[in-house]
Amino acid sequence: MGRGRQKAKQTKVARELKYYSPDTNYHALEQELSGASHTDVATQSRWESSEDEEYDNRYSDWAEQDDNKR
């Protein structure tokens, strides 16, 4: 017992997800698909972070030391 309420809720959520249509930004989609040179600031900063490079360099030194020990 009790499965009916759970199944009804899952069905309701599934229907909401199936028929949900968010507002689409067609201009951004067009730029992304056309390969325009304009890049998103968030994407650019994510991949060009100097903090990540410092982190990578710090641990790559340890990896090199570990490789030399073997």
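Which residue caps the N-terminal end of H2? That role falls to Asn25, which places a side-chain oxygen 3.3 Å from the backbone nitrogen of His27. Please keep in mind that this is a predicted model. Its chain has four helices and zero strands, and here is a short tour of what stands out.

**Overall layout**
- Reading from the N terminus, the elements follow the order α-α-α-α.
- The chain has 70 residues, and 0% of them count as buried.
- Its accessible surface comes to about 7400 Å², and carbon and sulfur atoms account for 50% of that area.

**Confidence**
- Across the chain the average pLDDT is 76, with 60% of the residues scoring at least 70.
- Helix H1 (residues 3-19) has the highest confidence, at a mean of 92.
- Helix H3 (residues 41-47) has the lowest, at a mean of 57.
- A friendly caution applies here: where pLDDT is low, the predicted coordinates should not be read in detail.

**Helix H2 and its ends**
- H2 covers residues 26-34, and its N-terminal cap comes from Asn25.
- After H2 comes Gly35, which has a positive phi, near 75°.
- H2 lies largely in the open, because the number of buried residues among its nine is zero.

**Tyr26 and the nonpolar patch**
- Tyr26 belongs to helix H2.
- Tyr26 has a relative accessibility of 59%, so it counts as exposed, the cut-off for that label being over 50%.
- Together with Leu29 and Leu33, Tyr26 makes a nonpolar surface patch of about 360 Å².

Conventions:
Residues are numbered from 1 along each chain as its sequence is written. This is a predicted model: local features need pLDDT of at least 70, side-chain atom pairs count only at pLDDT 80 or more; totals for chains, interfaces and linings use all residues. Side-chain values use heavy atoms; hydrogens and water are left out. Patches are made of residues with over 30% relative accessible area and no salt bridge: like charges are joined within 9 Å, nonpolar side chains (Val, Leu, Ile, Met, Phe, Trp, Tyr) within 5 Å. Accessible areas come from the Shrake-Rupley method with a 1.4 Å probe; for residues, only the protein chains shown count as cover. A salt bridge is a side-chain nitrogen of Lys or Arg within 4 Å of a carboxyl oxygen of Asp or Glu. Helices (H or I, at least four residues) and strands (E, at least two) are DSSP runs, numbered from the N terminus. Buried means under 20% relative accessible area, exposed over 50%, partly exposed in between (1.4 Å probe, protein chains only). pLDDT is the predictor's confidence in each residue, from 0 to 100. A polar contact is a pair of N or O atoms within 3.5 Å; within protein, one must be able to donate a hydrogen and the other to accept it, and residues adjacent in sequence count only if both atoms are side-chain atoms.
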